[in-house]
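Here is a short structural report for work at the bench. Keep the sequence and the 3D view open while you read.

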Amino acid sequence: MSQILLTNLRIINPFGDVEFIEKGTIEISDGSIVSAGAELTDSAPDIQKIDMAGKTVLPGMINAHTHLYSSLALGMPPPQNNPANFTEILKQVWWKLDRALDEDSTRASFQVGLLNALKNGVTTLVDHHSSQNFIDGSTRQLVELADTFGIRIATAFEISDRNGNDTFASGLDENLTAIHEFAHREHIHPMLGLHASFTLSDKSLKAIGRELENLTGTGIHIHVAEDLADERDAKMKGYHSVIQRLDKFNLLNEHSLIIHGIHMEKTDIDLILKRGAQLVHCPTSNANNRVGNLSPLVVRKLNAGLGTDGMQSNMLKEAKEGTLIRSASLPGGVESVNYLKLLFQNNRAIAEKMFNQKLGKIESGYPADLVFYDYCPVTELNDTNWQGHALFGFESPTDVITRGLFRIKNGKLAGIDENEIFNNAQSESRRLWQSMKNVT
């Protein structure tokens, strides 16, 4: 049994029983937190003591929706024509990228995405994957890589009709294989991934619904009403809305994850609440795609989680930028959204339901997933203003622990060759971008 005592720490435990301890310790045994609190005077004589030199610690963060497959998109050539709307962005950029990915470039994407997540203190990821010409085995590849980084992973392969019946069938089979193989693993939560309602026929939704009926403890992971095109498509097919269309095929349950939801109506919100599904908000992606801003009323009513939609790996940065994006559209005196609550409270609730375990707090009985910052505040930091410091003061963590083990210590990765990963990613990205040119 591994036992360590971390001393000389400033502990921030957002929305926990005790949120702030100026000088504290954390005892870890066999990957779990035994105690967290004020400096201990007595401890077991054989315990390994590590002086953390006054660093500030947060719980390991959770990204409730991302796309690791887009990790090699940074700096890629722009499309030949400037997309005029959301569907054109998909057709000219992302649907080309996901068809150009092969086994090697997908692996490089996973490695870079997981590495960047870890370096930014994200210890749990909810991924939504799409490599339409590398389907079989892609989820296993992700699971194995996530394990090497010590990252907890929720998987979903994006099912769509847009590449034909055979690709639809392969995507569905990949999800089902992952569910049967990994559902009982402690650090993995496989889901049924769907792209969006407007790229799936009624026949396809019916087939997915039949499979879901035979599964327990899982749900769909799908983009919903990100753009009005999704809602218009549902109406053209004879449904009141996307949410009501999904419900028609029994696809909404307490394990379902609904992403975006910008253009949903009140009846949709009520139905999501009735079915127990959960919503994830991705503010920077929504701003980048110019699709609108999720209503603050919806955020609060559905206790929305926070995701990045693949835009970035830094969740504190996502919370900060979400705050600024929303503030830009609000008049003075109007209450905004507390994005740290989405990150540390709502994401925790979503992940705990997924993985059926305690997550996201620095308290006894929780996994030892911890993120440390060498932060020297220029103003007082205390139990009343830690949120301001977390949003606007913290930069990159110096240390990250997952499952009770240091994955990054004093800025150095343990057992991972960062240069090898980045050098391979540069080579694979050039090859991927060239392949995208041949996708029509």
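The report covers a sheet, the helices around it, and several single residues.

**The parallel sheet**

This is a predicted model. Four strands make an open sheet. Their order is β6-β7-β8-β9, and they pair in parallel. Which strands stand at the edges? They are β6 (61-66) and β9 (188-190). Each has a single partner strand, so one side of each lacks a neighbour in the sheet. On average, neighbouring strands of this sheet are turned by 10° against each other, direction ignored.

Look at the β6 edge in detail. Strand β6 runs parallel to β7 (residues 122-127), and four bridges join the two. Isoleucine 62 stands opposite threonine 124 of β7. Threonine 66 has aspartate 127 in β7 as its bridge partner. Is β6 mostly covered or mostly uncovered? It is mostly covered: six of its six residues are buried. So β6 is an edge strand with one side free of a sheet neighbour, and still its six residues count as buried. Burial here means under 20% relative accessible area.

**Helix α3 across the sheet**

Helix α3 (residues 138-149) lies across β7, β8 (152-155) and β9. It runs at about 170° to β8. Threonine 139 belongs to helix α3. Its relative accessible area is 8%, so threonine 139 counts as buried. What does threonine 139 touch, leaving aside neighbours within four places in sequence? The contacts are Thr155, Glu174 and Ala178.

**Helix α6 and its two ends**

Helix α6 (228-236) follows a loop that starts after β11 (220-224). Aspartate 227 caps the N-terminal end of α6. One of its side-chain oxygens lies 2.9 Å from the backbone nitrogen of alanine 229. Just after α6, glycine 238 takes a positive phi of about 100°.

Which residues of α6 are buried? They are Ala229, Asp230, Glu231, Asp233 and Ala234. The list includes acidic side chains as well as alanines. The cover over these buried residues includes α1 (86-100), β10 (192-196), β11 and α7 (242-248).

**Helix α1 against helix α14**

Helix α1 also meets helix α14 (residues 418-436). Their axes come within 9 Å and cross at roughly 115°. The crossing is right-handed. From α1, the contact uses Val93, Lys96, Leu97 and Ala100. From α14, it uses Leu432, Ser435 and Met436. By type, the residues of this contact divide into five nonpolar, one polar and one charged. In a helix, residues three or four places apart point the same way, because there are 3.6 residues a turn.

**Two alanines with positive phi**

Two loop alanines deserve a look at their backbone. Alanine 53 has a positive phi of about 55°, although it is not a glycine. It is found in the loop between β4 (48-51) and β5 (56-59). Alanine 225 also has a positive phi, near 50°. Its loop lies between β11 and α6. Are these residues buried or exposed? Alanine 53 is exposed, with a relative accessible area of 56%. Alanine 225 is buried, at 0% relative accessibility.

**Partly exposed residues**

Glycine 217 sits in the loop between α5 (202-213) and β11. Beyond its neighbours within four places in sequence, glycine 217 is in contact with His189 and His255. Arginine 300 is in helix α10 (residues 296-301). Not counting residues up to four places away in sequence, arginine 300 touches Glu335, Ser336 and Val337. Both residues are partly exposed: 38% relative accessible area for glycine 217, and 39% for arginine 300.

The table gives a C-alpha distance for each of these residues.

| Residue pair | Separation along the chain | C-alpha distance |
|---|---|---|
| Glycine 217 and phenylalanine 182 | 35 residues | 12 Å |
| Arginine 300 and leucine 228 | 72 residues | 22 Å |

Definitions and conventions: Residues are numbered from 1 along each chain as its sequence is written. This is a predicted model: local features need pLDDT of at least 70, side-chain atom pairs count only at pLDDT 80 or more; totals for chains, interfaces and linings use all residues. Side-chain values use heavy atoms; hydrogens and water are left out. Two strands pair if DSSP finds at least two bridges between them. Axes are lines fitted to C-alpha atoms, for helices over the stretch in contact, and angles run from 0 to 180 degrees between N-to-C directions. Contact means heavy atoms within 4.5 Å. Buried means under 20% relative accessible area, exposed over 50%, partly exposed in between (1.4 Å probe, protein chains only). A polar contact is a pair of N or O atoms within 3.5 Å; within protein, one must be able to donate a hydrogen and the other to accept it, and residues adjacent in sequence count only if both atoms are side-chain atoms. A crossing is left-handed if the near helix is turned anticlockwise from the far one by less than a right angle, and right-handed if clockwise. Ala, Val, Leu, Ile, Met, Phe, Trp, Tyr, Cys and Pro count as nonpolar, Asp, Glu, Lys and Arg as charged, and the others, Gly among them, as polar.
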